[in-house]
Amino acid sequence: MMQSLTEWNKPASSPVSTEPRLLLNHPSATFERCISSYYYNFHASHPLVVPQASMRLLLKEEALQPLLAVMHWVGSLYISPEAVQNYLLRSATLSVERMEDASADGFALQAMIVQLIALDGTGHRQQAIALLIRAKEVALRLGLNYDSYFQSSIAPSSVLDESWRRTWWELYVLDGMFAGAHRATTFSLFDTPTSVGLPCEEDEYEREQIPTPQTVEDLDDRDLTSDNRPFSSFAYRILSAQNLGKIMQKLHFAESDDELQKQLEVLLTNWRHNLPASKRESMLQDGRPDEMMFQAHMLNHTTSILLHRSRAQLDVTSTKFIDACAASDASEEDYGFTRRINLHTRHVLFSANEICNMVTHRTPLIWHTHFFMCAIVLSSIVQLSAWSARLNTDEDLVREKVRLCIGALRQISTVWGAAGRALSQVQEVAGQINSMRKQSRQMEQFLIDVTDEDVMNLFETESSTIADMETV
């Protein structure tokens, strides 16, 4: 029988049940409120755990306690004071480590995945990367990349099977995001064989009406068969991650091979042009945000910037110190600036502008994955470089786009501390470029205002001064 919501405060063997009274009594620290906050604020951006209604039925399962502890901490990030967050993080970390050291199962893996996402977002990048590496090892040891794993779950359940599918594919997408954003890991899961079916649509998952999953082979054959069965938004997100993996594998060679770079651009263009009409905007038919398609578009645009920026005509001298997401892999001399904008510059500017457009969606920015911060940083670097190089004749417009990126990072930083570092770096560079452009405009205005007579008078004055010095 389903438990009432009030019972969420008392999960069996909960690792957070021994909280100090001060924290336990804090109104925003309660287990119930934090779990509700998790589902309300975080779940849509990384929807791997079972829906809230199903989770209530599993509360007393011992295997779920590390996952619940992590969810408690992540939910607290949106509503609780820092002292509460820090305590819950320590509690969640101990709980996960104990389960990982014993015999990690699918739920422990889910706890690891959720924790590494939030660790990265809160600025603990190295801990997140270390946990990602361990999570991949656990997933492969469990055989989660094969459908056979589902047969060993605690009870036959289409919802739980869908959760396991999502766990595998979430880890796959995250592996790509970490590799693309931080350049500190490799997308090792990209070449890992799998027979796991593709996730369904989010509303089907929430209603627990799980259809027969489509396969990776179905996704590979899309647009080439008469089967018009639509793919889920999650599937298009996976496809964007696959394109990122293909391009990252060949990016070094593409920087000096025109034909290879054109072939890789075909992947990104095909993805955009062959989207069904319902997937071209990151919105559902009823107007609600479609976070999976939002991330799919985000990945497409950021991958385009990574592919083309080494040949784009941008002035990187002022932005090379922005390394909040990833250090620049290009040097100053890689960007020869000319007035004639080449195709690579157009690709980069288009993607940067599209990321700015995504910021304007009427959705709270803290509901998006924190990796959107990295897309915004990339867009900021492009906009600042274009501003510095005067590629955009409408200087007011590019300055407002930079402001838009700064405002977005400021909003995201209210939950995700890693955005705060990015914010300070982008603001500092923006201030320097703005000051430089002001001085340049003043000089331009001076040259416009000065008359031929002024120039002749200045020349005569200088000549007289030189003559006087020579007679001394």
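Q: What makes a helix crossing left-handed?
A: A crossing is left-handed if the near helix is turned anticlockwise from the far one by less than a right angle. In this predicted model, the crossing of α14 and α15 is left-handed.

Q: Which residues make the contact of α14 and α15?
A: From α14 come V348, L349, A352, N353, I355, C356, M358 and V359. From α15 come F372, A375, I376, S379, V382, Q383 and A386. By class, 12 are nonpolar, 3 polar and none charged.

Q: Why are α14 and α15 called oblique to each other?
A: Helix α14 spans residues 343-359 and helix α15 spans residues 372-389. The angle between them is about 130 degrees, and their axes lie 9 Å apart. Roughly perpendicular runs from 65 to 115 degrees, and roughly antiparallel needs over 145. The pair fits neither range, nor the parallel one under 35, and is therefore oblique.

Q: How do you know that α11 and α12 are roughly antiparallel?
A: Helix α11 (residues 233-254) and helix α12 (residues 258-273) pack at about 170 degrees. The cut-off is over 145 degrees, so the pair counts as roughly antiparallel. Their axes are 10 Å apart.

Q: Which residues of α11 and α12 meet?
A: α11 offers Y236, L239, S240, N243, K246, I247, K250, F253 and A254. α12 answers with L260, Q261, L264, L267, L268 and W271. The contact divides into 10 nonpolar, 3 polar and 2 charged residues.

Q: What makes α11 roughly parallel to α13?
A: Their angle is about 10 degrees, with the axes 8 Å apart. Angles under 35 degrees count as roughly parallel, so α11 and α13 qualify.

Q: Which residues join α11 to α13?
A: On α11, the residues include F234, R237, L244 and L251. On α13, they include M292, L299, T303 and L307. The contact has 13 nonpolar, 6 polar and 1 charged residues.

Q: How much space lies in the largest pocket, and which residues are closest to its centre?
A: The largest pocket holds about 830 Å³. Its lining has 28 residues, and the closest to the centre are E202, D203, L284, R288 and P289.

Q: Which helices supply at least two residues of the lining of the largest pocket?
A: α2 (31-42), α9 (202-207) and α13 (291-308) each do. The largest share, 4 residues, comes from α9.

Q: How do the lining residues of the largest pocket divide by class?
A: There are 10 nonpolar, 8 polar and 10 charged residues in the lining.

Note on methods:
Residues numbered from 1 in each chain as written. Predicted model: local features only at pLDDT ≥ 70, side-chain atom pairs only at ≥ 80, totals over all residues. Heavy atoms only, no water. Axes fitted to C-alpha atoms, helices over the stretch in contact; angles between N-to-C directions. Contact = heavy atoms within 4.5 Å. Nonpolar A, V, L, I, M, F, W, Y, C, P; charged D, E, K, R; others polar. 1 Å grid on protein atoms, 1.4 Å probe; cavity = no way out; pocket = protein on both sides within 12 Å on 5 of 7 lines; lining within 4 Å. Points joined across faces, edges and corners; volume = space filled by probe spheres on them.
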